[in-house]
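These are notes for a colleague who is opening this structure for the opening read. The points are numbered and can be followed with the model on screen.

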Amino acid sequence: MAASLSASCNYKKITIHCMTSKLLIFLLVLINGTSSAKFCNSSSENWQSRIGVLISPIISETKIREIEIYWNNLRIEPGDKISLYELSSSGSPVMVYAVTPNSTGGIQKTGILAEYVPSSNLSYVKKCLKYRVAWITDKGVKREECLKTEPTWMKERKDIIGPLKISQIFLPGTHDSAAYDEKGSKTNILANFAITQDLDILGQLIHGIRYLDIRVGRYHDNETWWTNHGPFYRLVSLQTVVDQVKQFLDNTEEILIMDIREFSIGFTNLSDHETLVSYLENEFRDYYLTDDHGWDIRLNDIWSSGKRLIIGYENTQIVKSHASMWPCVWHQWGNVRKIEDLYKYLHKIESNDSSSRVRPRSAMAELTATFRDIVFNTLGNLRDMAHTVNSNVTNWYSTIWQYSANIVAVDFVRGTDIIQTAIESNENRHLHCRY
């Protein structure tokens, strides 16, 4: 039994018809010596379609954390609506916005501003937050989704991903993870091109991120180690990052990769790196996994070891002399300014056969501004650039690249749906739902 399907990936003024092919729809699974049939949904609308709630990275004097609703690959019928609901003080959902879609995919600003929730108010139990989106037809609700946290998604799917290597699963990550501004209060010219996230590290992890890209600088003041975005913008102390990572690991059984990279200021010789590694080893002595097996290790073996933090370090000499430090994840940068060029680059790297690659790789799904772009404001700031690409990245990776993706690192992660995309992709791979 098979069905034909087509997927289209839309970005500004460009529609790419990705592919049309046949879908395998069954997989025989052996469980405890008995057979049980699991079937992939026969319609692409079921296993590739998406609706979701996004938080826009764009801020202004009157708006911050504006909610956007998006949909992709839906079979829209006349009269269908995509509606946003907000939980009232009594806990009942109240419709606060609705749009009548005129195409199979789209994204819509709602004018509704999401409340600020600090990570300290989030729990380590998966939870829908205040906002929910629903696809409503004349027969009722056809599909619904909520803005949610995913603090334990890996452990919940241990039976699926446990036998695999990290290079064989889809992990959501953040680019320049410590370059965050939770309240949107940093709006000067430097911040406009330095801030890449609106959640702190703990918030990112509770929402479902499992790859952190941490850039470190060394200073000679009360706090020696700080996180940086380039040599000119100091962010938060590395101790803040360390404490939040440990807090997350203490309260979950998740596996986490944290790359230490760039060293844009204060590192003049190998002894500076040795001092930083000593600090990391001391702070994470009960958490880090040694590089005894290398990236060939399987997730079940990581869980069995009792150590669930992998620390990558971007210095070959350090990695060779310290079992605590792993080779960093391979960053795949397009260094492109236009969304069509980002698509072409990502298509190129995702089309390469990486089945034999052991070292994990991260598709860096962002635009890169040149100095001229910054001076003449050609592309806007990093928030504008993220807003340009984020919904497209979600659509691309939930359709054409959900089986090739390894790690995908994004800016302003809540402006994407990359976490849910990764979770569902790992499930679909398990069920062999393929083109």
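1. Met-258 of strand S16 has Ile-311 as its bridge partner in S17. The model discussed here is a predicted one. S16 and strand S17, which covers residues 309-313, are joined by five bridges and run parallel. S16 also pairs with strand S13 (residues 211-218), again in the parallel sense and over five bridges. In that pairing, Asp-213 has Asp-259 of S16 as its bridge partner.

2. How many of the residues of strand S16 are buried? Strand S16 spans residues 256-261, and six of its six residues are buried. Leu-256, Met-258 and Ile-260 point one way from the strand, while Ile-257, Asp-259 and Arg-261 point the other way. Both sets are buried, including the charged-type names Asp-259 and Arg-261.

3. The protein chain as a whole has 13 helices and 21 strands. Of its 435 residues, 55% are buried. Among contacts with a separation of 6 or more, 70% are between residues 24 or more positions apart.

4. The largest nonpolar core has 87 residues. Which of its members touch the most others? They are Val-245, Leu-276 and Tyr-313. With neighbours within four places in sequence left aside, the contacts of Tyr-313 include Ile-260, Phe-263, Phe-267, His-273 and Leu-276. Val-277, Leu-280, Ile-318 and Val-319 are also among the residues that Tyr-313 contacts, as are Met-325, Trp-326 and Cys-328. There is also a second, separate core of 16 residues, with Ile-51, Trp-71, Leu-84 and Trp-135 among them.

5. Three strands form an open sheet in the order S5-S6-S9, and the pairing is antiparallel. Its edge strands are S5 (50-55) and S9 (106-113), each of which pairs on one side only. From one strand to the next the twist averages 20°. S5 and strand S6 (residues 66-72) are antiparallel and share six bridges. Within this pairing, Leu-54 stands opposite Glu-68 in S6.

6. Helix H12, residues 382-398, packs on this sheet and touches S5, S6 and S9. The direction of the helix makes about 35° with that of S6. Ser-391 is a residue of helix H12. Is Ser-391 buried or exposed? Ser-391 has a relative accessibility of 14%, so it counts as buried. Setting aside neighbours within four places in sequence, Ser-391 is in contact with Leu-54, Ile-107 and Gly-415.

7. Another open sheet has four strands in the order S8-S7-S10-S11, with antiparallel pairing. The edge strands here are S8 (93-99) and S11 (140-148), and each pairs on one side only. On average, neighbouring strands of this sheet are turned by 25° against each other, with direction ignored. Strand S7 (residues 81-87) pairs with S8 in the antiparallel sense over six bridges. Leu-87 has Pro-93 in S8 as its bridge partner.

8. A pair of aromatic rings is described by the distance of the centres and the angle of the planes. The count of aromatic pairs comes to eleven. Why is the pair of Tyr-397 and Trp-401 edge-to-face? The centres of the two rings are 5.1 Å apart and the planes are at 65°, so the pair is edge-to-face; the cut-off for this class is over 60 degrees. Tyr-397 is buried, with a relative accessible area of 0%. Trp-401 is buried as well, with a relative accessible area of 3%. Tyr-397 and Trp-401 belong to one aromatic cluster together with Phe-170, Tyr-343 and Trp-396.

9. Over which rings does the charged end of Arg-234 sit? One of them is the ring of Tyr-219, with the charged end of Arg-234 4.2 Å from its centre. The ring of Trp-226 is another, and here the distance from the charged end of Arg-234 to the ring centre is 4.5 Å.

Key:
Residues numbered from 1 in each chain as written. Predicted model: local features only at pLDDT ≥ 70, side-chain atom pairs only at ≥ 80, totals over all residues. Heavy atoms only, no water. Phe/Tyr/Trp six-rings, centres within 6.5 Å; stacked < 30°, edge-to-face > 60°. Buried < 20%, exposed > 50% of the residue type's maximum accessible area, 1.4 Å probe, protein only. Lys NZ or Arg CZ within 6 Å of the ring centre and 35° of its normal. Pairing = 2+ DSSP bridges. Helix = DSSP H or I, 4+ residues; strand = E, 2+ residues; numbered from the N terminus. Axes fitted to C-alpha atoms, helices over the stretch in contact; angles between N-to-C directions. Contact = heavy atoms within 4.5 Å. Core = buried A, V, L, I, M, F, W, Y, C linked by side-chain atoms within 4.5 Å.
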